[in-house]
Every structure is written in C-alpha cells, then in structure tokens.
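Let's take a walk through this structure together. Have the sequence and the 3D view open, and follow along as we go from helix to helix.

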Amino acid sequence: MSTNVEATQEEIDKLRVGDRSPGLAQLALTLAALMDGPDGSTAKANAARELRAVIEDLRKLAPVSEERDRVDELAMKRGGGRTRARRA
C-alpha cells in the first residue's frame, strides 16, 4: 500500500499540474504528509478535507486529456452518423 504522499504525488504527475501550480501541488503534498503523520484523528480529518479540496482545484487546472475512451468514440460515431443523415 502506498502512502498518502506517494498517492498524491502520483495524482499530481498524472494530472500534469505540478508546473502549472507548484504552490498548490506542494500544499497537496504537505497535507498528504500530515495524513501520514502521527497526529490524532481530528487533525487527520481536517487535513483530509483540505487535501480533497486542493486535489479538486488541481484537477480543474489539469490540461484536457487527448485520450479517447469508448464513450468518446461512440459519441463521435453517433455525431458523424447524424451529420451524414442530414446531408443526404
């Protein structure tokens, strides 16, 4: 099992937002370190809530992925089919 710091760093890398917002990325890592630390459950709950909010903000800053999934492919086919039908 990975630590919260490792998982958070992995997410930051996956989202490619470390360079876009280094301060927010560092804040996320600091909060994750608090989660891994020996502090009590109240402190960890507060850190978890804040970490969730920071990760949400980082996700908003992430560049749009160019990867397509099956839903995207179906939508393109469906849209293309409707366009062809209108032209005919």
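Before we look at any packing, one bit of vocabulary: an axis here is a line fitted to C-alpha atoms, for helices over the stretch in contact, and an angle runs from 0 to 180 degrees between N-to-C directions. Keep in mind, too, that this is a predicted model.

Now find helix H2 (22-36) and helix H3 (residues 41-61). Their axes are 9 Å apart and meet at an angle of about 155 degrees. That makes the two helices, H2 and H3, roughly antiparallel, since angles over 145 degrees count that way. The crossing of this pair, H2 and H3, is left-handed.

Who does the touching? On the H2 side, look for residues including Leu24, Leu27, Leu31 and Met35. On the H3 side, the partners include Lys44, Ala48, Leu51, Val54 and Leu58, with Glu50 and Asp57 among them as well. Sorted by class, this H2 and H3 contact has 15 nonpolar and three charged residues, and no polar ones.

Next, turn to helix H1 (4-15). H1 packs on H2 at an angle of about 160 degrees, with the axes 8 Å apart. H1 and H2 are therefore roughly antiparallel to each other. Their crossing is right-handed. From H1, Asn4, Val5, Thr8, Gln9 and Ile12 come into contact with H2 residues, among them Ala25, Ala28, Leu29 and Ala32. By class, the contact of H1 with H2 has eight nonpolar, three polar and one charged residues.

What sits at the heart of the nonpolar packing? In soluble globular proteins, nonpolar side chains tend to be buried together. Here, the largest nonpolar core has 15 residues, and Ile12, Val17, Ala28, Leu51 and Leu58 touch the most other members. H1, H2 and H3 each supply at least two residues of this core, and H2 gives the most, with six. Zoom in on valine 17: setting aside its neighbours within four places in sequence, valine 17 is in contact with Ile12, Leu58, Leu61 and Ala62.

One last stop is serine 21, in the loop between H1 and H2. Is serine 21 buried or exposed? Its relative accessibility is 14%, so serine 21 counts as buried, the cut-off being under 20%. Beyond its neighbours within four places in sequence, serine 21 is in contact with Leu58 and Leu61. Those two residues, Leu58 and Leu61, are also among the contacts of valine 17.

Key: Residues numbered from 1 in each chain as written. Predicted model: local features only at pLDDT ≥ 70, side-chain atom pairs only at ≥ 80, totals over all residues. Heavy atoms only, no water. Helix = DSSP H or I, 4+ residues; strand = E, 2+ residues; numbered from the N terminus. Buried < 20%, exposed > 50% of the residue type's maximum accessible area, 1.4 Å probe, protein only. Contact = heavy atoms within 4.5 Å. Parallel < 35°, antiparallel > 145°, perpendicular 65-115°, else oblique. Left-handed = near helix turned anticlockwise from the far one by under 90°. Nonpolar A, V, L, I, M, F, W, Y, C, P; charged D, E, K, R; others polar. Core = buried A, V, L, I, M, F, W, Y, C linked by side-chain atoms within 4.5 Å.
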